[in-house]
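This report describes selected structural features of the assembly shown below. It covers one chain as a whole, and then turns to interior and surface features of the other chains.

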Amino acid sequence: MEHKPRTIEVESESEHMHHVTPPSLYYGIFAALLVLTAITVAVAYVDLGWLSTPIALLIATIKATLVILFFMHVRWSTHLTWVIVLGSFLWLGVLFVLTFSDYFSRGLPMN
Amino acid sequence: MTVQAHPDSSHEEHHPRLQHHFETMEQQHEASQLGMWLFLVTEILFFGALFLAYAFYRWLYYDAFIAASHHQNILLGGINTAVLIFSSLTVAMSVYYSQTNRRKGLIVMLILTMVLGLAFLGIKAVEYHEHFEHHLFPGPNFQLPDAPGLAAQAQMFYVLYFFMTGLHAFHMIIGLGIYTWLLIRAMKGEFSSVYYAPIEIGGLYWHFVDIVWIFLFPMLYLIGRHY
Amino acid sequence: MTTAVLDPNHPLESPRKNYLNREYGVLSWLLTRDHKRIAILYIVSITLMFFVGGLFAVLMRLELLTPQGDLMTSDTYNKMFTLHGVVMIFFFLIPGIPAVLGNFLLPIQIGAKDLAFPRLNLLSWYLFMIGAIGTFVVVMLGGLDTGWTFYTPYSTQYSNTHVTLVTLGAFITGFSSILTGLNFMVTVHRMRAPGLTWFRMPLFIWALYGTSIIQILATPVLAIALLLLAAERVLRVGIFDPSIGGDPVLYQHLFWFYSHPAVYIMILPAMGVVSEVIAAFSRKRVFGYTFVAYSSLGIALLGFLVWAHHMFVAGISVYSALIFSFLSMFVAVPSAIKVFNWTFTLYKGSVSFQTPMLYALGFIGLFAIGGVTGLFLAALGLDIHVHDTYFIVAHFHYVMVGGVVMAYFAGIHFWWPKITGRMYPEWWGRLAALIVFLGFNLAFFPQFLLGYLGMPRRYHVYVPEFQVLNVMSSAGASVLGVGYLLPLVYFIWSLKFGPKAGPNPWGAVGLEWTIASPPPTENFHETPAVRWEAYDYNAFEEAQRDRAGTP
């Protein structure tokens, strides 16, 4: 999915260049997102047993990653931005893991 | 101890949009960007907590959630997903046009984004109306005729469904408000390659709202469809 | 390019115009974007909320003078402790030091003219005020009786008080907290003066940065918890209602995911103040600066991993309780690192005992006690025994009052001359500090004993055997109250009659001490370039000697 876009340099007050993404990349990501949406709908109708949920989440994560990296420019952003994005999902993970550590170990009857 | 001081470098900058406490437009732009990212972190944790509640009850009441989810209209949900993805494209293009000083392109993209946002909300309204008609709104009138034994737990699905999509729609409405403001400013010619931070950070917000929907769609519409 | 060498003891001009007198009129205050004026707005509102919260405490301690419920009914008492908690936590402890001292000092300490988003800063204050006024309204309308924790299903289904209003008020105030944290983080990342690297920053800034991380990550989860609670109550849909399959413990998980880190929102800035004061009154760089800096981040992050130690008896699994108990032990480590480092800073320092230092030293001792009792509580077995007793109440008052409030007072006294341009009366300050210290210990130490002996919290009656300790506690609370009222009086007195303060009355090292007292609106006429390490008292002393030696 990685390809080096031609950077169009935009002069601003200082020497810093603001990365300008070429529209062709945007169109490509857009197409990929639509395809992935179709895939997720199609896959929902296939019996994959317990894998259905993880696969649905995986596809959604890929879509979100594409939006974050390319539409939101994180691919070309500072390390600080990367840390912030990853850190927030990591922290959400902490919420999930530690909360479910309670629920999974309670011996609850399911359904 | 001495303090070495030198004159403000802001004397070099006199862009009318440079706020007095920043030295350069660059610094201001980076600050705005960082500010919006930190705000999005709060939104990730905000929706994330709702996803936690959802994950918990889905794990606990999987069958009821399947039964409930079958009442979701995949066609409308799928169209809405495509609508939002398309709007993310127009948002990205709006940033591109502002970065390359193309005012007309910017305005077109802003308008398109808003039209798509309105379309999303319209379709959502249709869906909500359907839910009301089919007695799927939580409360005393809730009914699940095809699986009455699971009704109480299926109601939990709908509590979460309305809460999460309602909150999402609320964020869309705010997004429309933001884009209205951006459109007005764009039409006044305020944005250029030197000053386009509001377009960029408005875009970040809109993309985030899209990402929430990217997760909501499979989680709410596509559970156990193979049954 | 001209450079100006600014001597902190001889400012180039003595400014007539400072941020206080630059503009007059109510609107110039209510619509200000100046972080220093916003800090003043906060200090007024927060002081008010402190005394309101204190009033509820007074009423509680009056009731607890006798074992019977003779002053008020149990319902009324429920409202007392609820409102005491809600007001003190959401409207004093959480905003307190960041909104007052942080707002005032953060830009100055990093050499900036203001925070990154001045208008958001003002909005933060307005959101705080909306929440505060909402709480007043609720008090007028009959109060709230759920406890500050709003546990379900009592809050959602059974309480007849204004739960929804208060939760919405807390929800709005939460945004105040989020926006302040966001503002601080962006400012520290993007607006430090040239030469001010991260490891040259004052430790107060590190503390505020850690606090901001917590505010941003934790507060939204509380927001959802409260929103779901309000929805359940208003719409009668049972997300936490067991009768339709909801789980009340889910509420507690969401609530405590915020509320445990929230206590670190309260204590971290306090620790930052203590670092500043200890350094200034030992005339020495804080020992182990790097460790203290990293420990601020460590506390912020580790504090997120322990929340269910508030839920050991709520119905979580014993396996989960063991995990949280184990993790809770770790969070003490960075705090302990700070206590050791402050103590080593004192060693071979040139220590003096002005009022700020008295409060800071008091903090170290009382926080150590409070923190260590926290470790006791982290041990699952002991916590089961003392949960919901006065042991818990004593523990958190030691860290919140013996800790945060003492540090807040240390900071207010330390920076008062900078903020107002006036000195407070030193002997009154020391007297008040002593009274606070004595009153505090008399008020709260007996509560450890009461709790261990089994007196439950949130009860307005108790068995007669506990009366002596309760009377001691109430007596201590009165002494403490006097100790708190004294500064209110002498600070206000000092505004008109206190001696005028120069830029650096303490001879301390830091950017804030290089500008006038009170500072000009733009803080620095020219952006400073920082070429020294934090707390470089050696260089400071040398420069003073050089100056003295110059004919």
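Two residues are in contact when heavy atoms of each lie within 4.5 Å. The structure is a predicted model. On that definition, among contacts in chain A between residues at least 6 apart in sequence, 44% join residues at least 24 apart.

**Chain A**

Chain A contains three helices and zero strands, and from the N terminus its elements follow the order α-α-α. The general values for this chain are collected in the table.

| Property of chain A | Value |
|---|---|
| Residues counted as buried, of 111 residues | 45% |
| Exposed area | about 5900 Å² |
| Part of the exposed area from carbon and sulfur atoms | 71% |
| Average pLDDT | 84 |
| Residues with pLDDT of at least 70 | 82% |

The predictor's confidence varies along chain A: residues 1-16 have a pLDDT below 50. Beyond near neighbours in sequence, this stretch nevertheless makes 32 contacts in the model.

**The nonpolar core**

The largest nonpolar core comprises 318 residues. Within this core, the residues with the most contacts are Tyr57(B), Phe90(C), Leu101(C), Phe150(C) and Phe363(C). Helix α9 of chain C, residues 248-282, is the element that gives the most to the core, with 23 residues.

The surroundings of Leu101(C) illustrate the packing. Neighbours within four places in sequence left aside, Leu101(C) touches Gly96(C), Leu106(C), Phe204(C) and Val273(C) as well as Tyr408(C), Gly411(C), Ile412(C), Trp415(C) and Ile419(C).

**An enclosed helix in chain B**

Helix α2 of chain B spans residues 62-69, and six of its eight residues are buried, so this helix is largely enclosed by the rest of the structure. The buried positions are Ala64(B), Phe65(B), Ile66(B), Ala67(B), Ala68(B) and Ser69(B). Their cover includes three helices of chain B, namely α1 (25-60), α5 (151-187) and α6 (197-221).

**A nonpolar surface patch in chain C**

In soluble globular proteins, nonpolar side chains tend to be buried together. On the surface of this model, however, Val58(C), Leu62(C), Leu65(C), Leu71(C) and Val471(C) form a nonpolar patch. Together these residues have about 380 Å² of accessible area. One of them, Val58(C), is located in helix α2 of chain C, residues 35-63. Val58(C) has a relative accessible area of 46% and therefore counts as partly exposed, a class that lies between the limits of under 20% for buried and over 50% for exposed.

Terms used: Residues numbered from 1 in each chain as written. Chains lettered and ligands numbered in written order. Predicted model: local features only at pLDDT ≥ 70, side-chain atom pairs only at ≥ 80, totals over all residues. Heavy atoms only, no water. Core = buried A, V, L, I, M, F, W, Y, C linked by side-chain atoms within 4.5 Å. Buried < 20%, exposed > 50% of the residue type's maximum accessible area, 1.4 Å probe, protein only. Helix = DSSP H or I, 4+ residues; strand = E, 2+ residues; numbered from the N terminus. pLDDT = per-residue confidence, 0-100. Patch = residues over 30% accessible without salt bridge, like charges linked within 9 Å, V, L, I, M, F, W, Y side chains within 5 Å. Areas by Shrake-Rupley, 256 points an atom, 1.4 Å probe, with all protein chains shown as cover. Salt bridge = Lys/Arg side-chain N within 4 Å of Asp/Glu carboxyl O.
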